[in-house]
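Student: I am new to this structure. Please take me through one helix closely, and then show me what surrounds it.

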Amino acid sequence: MIRIFSSAENNVFKEIDRIEPGAWVHLLDPTEEELVFVRDTLHIEDEFIRAALDEEETVRIDAEEDQTLVLVDIPIVSAERSSFMYTTLPMGIIITADNIITVCLEETSILEDFWNKNVRGGFDTCKKTRFLLQILYKNAGKYLQYLRQIDKASTQVENALHKSMKNSELIQMLKLEKSLVYFSTSLKSNEVVLEKMLKSKVIQNYPDDLDLLEDVIIENKQAIEMGTIYRDILSGTMDAFASVISNNLNIVMKVLTSLTIILAIPTVFASLWGMNVGGIPFADNPIGFMWVTVIALGSTGIAVWFLWKKKMF
């Protein structure tokens, strides 16, 4: 899908139906025909426009003549049964002499905020470098937002685990930990790109944009620190619950072993006095059964007392 926006006319942001100088072209999971059309119309490097369509593509910044590609990882949240899964996808931002082009495989709320005009301070598609930095700033902010959501979700799952340790809660904790690994890896990769932008010629002529880039770097570093903290906490929580589950299993096995020993004692007496041989004690005693029962119960009581002293219950 192709969407084209522009604020070139009277500085009014609106969606238009054709590509013109100063326009922002957004490609969402484009078809081959759409890719070829935008590539040939704007004379973009084929490698640049296809870079974001590979989910495993490495983030980077690349320049070729008057074109610059900034490939970063963006956070994506998707519903998965009764829970959510957080992951990342590459998004390509291409700056040419006249236009800015964004390419992504899935819809993202980062760009939705722009065409819904939900951007503080406004933006101008003609100011391509500043627009790029605003997208990157939104991206870092979205990471922070999702990290807070992951932290809240992990707290809820932890509270549920305190009440009932089920496999579903443990699996959800593993998903959240996996999401944090994705985020931490992508944020560190994005940091490398931002540092390269700081040293490159892309923004050297724009002091205000340099300040914004520094803000983006700070925001990204904050997201990295938050991701590291949350991952360490979640990892420690998982280890703690693994120990608790193992300890609970040991307690159950200990109790079952003790019960097996206790129940085995009356069985031994019943087996001995139940043998069909001569000379068994109390065989001719009218209350022999009572004596055998008393001895069995007494032995069982001694075993119970002994196991209780050993804290086997």
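Tutor: Start with T228, which is found in helix α6. Keep in mind that this is a predicted model. Is T228 buried, partly exposed or exposed? T228 has a relative accessible area of 27%, so it counts as partly exposed. Next, look for S184. T228 and S184 are 44 residues apart along the chain, yet 6.9 Å separates their C-alpha atoms.

Now follow the helix itself. Helix α6 covers residues 207-273, and M253 is found in it. M253 is partly exposed because its relative accessible area is 45%, between the 20% limit for buried and the 50% limit for exposed. M253 also belongs to a nonpolar surface patch. Its partners there are L249, V252, L256, L259 and L263. Together these residues make a patch of about 570 Å².

Set the helix against the domains. The chain is divided into domain 1, residues 2-246, and domain 2, residues 251-310. Between the C-alpha centres of the two domains lie 71 Å.

Next, go inside. The structure holds one cavity of 30 Å³ or more. The volume of the largest cavity is about 50 Å³. Which residues line the largest cavity? They are V72, L136, N139, A140, N190, L194, V216 and N220. Helix α6 is one of the elements that give two or more residues to this lining, together with α4 (128-163) and α5. The biggest share comes from α4, with three residues.

Helix α5 leads on to another space. Spanning 167-199, α5 supplies at least two residues of the lining of the largest pocket. The strands β5 (67-80) and β6 (83-95) each do so too. This pocket holds about 360 Å³ of space. It is lined by 17 residues, and those closest to its centre are E55, E56, D73, T88 and P90.

Finish with P90 and a residue from another helix. R39 is found in helix α1, residues 32-42. Its relative accessibility is 22%, so R39 counts as partly exposed. Along the chain, R39 and P90 are 51 residues apart. Their C-alpha atoms are separated by 19 Å.

To retrace the route: helix α6 holds T228 and M253. It also helps to line the largest cavity. From there, α5 took us to the largest pocket, where P90 is among the residues closest to the centre.

How values were computed. Residues are numbered from 1 along each chain as its sequence is written. This is a predicted model: local features need pLDDT of at least 70, side-chain atom pairs count only at pLDDT 80 or more; totals for chains, interfaces and linings use all residues. Side-chain values use heavy atoms; hydrogens and water are left out. Domain bounds come from an automatic or database domain assignment. Patches are made of residues with over 30% relative accessible area and no salt bridge: like charges are joined within 9 Å, nonpolar side chains (Val, Leu, Ile, Met, Phe, Trp, Tyr) within 5 Å. Accessible areas come from the Shrake-Rupley method with a 1.4 Å probe; for residues, only the protein chains shown count as cover. A salt bridge is a side-chain nitrogen of Lys or Arg within 4 Å of a carboxyl oxygen of Asp or Glu. Helices (H or I, at least four residues) and strands (E, at least two) are DSSP runs, numbered from the N terminus. Buried means under 20% relative accessible area, exposed over 50%, partly exposed in between (1.4 Å probe, protein chains only). On a 1 Å grid over the protein atoms alone, a cavity is a set of points where a 1.4 Å probe fits but cannot get out, and a pocket is an open set with protein on both sides within 12 Å along at least five of seven lines; lining residues have an atom within 4 Å of a point. Grid points are joined across faces, edges and corners, and a volume is the space filled by probe spheres set on the points.
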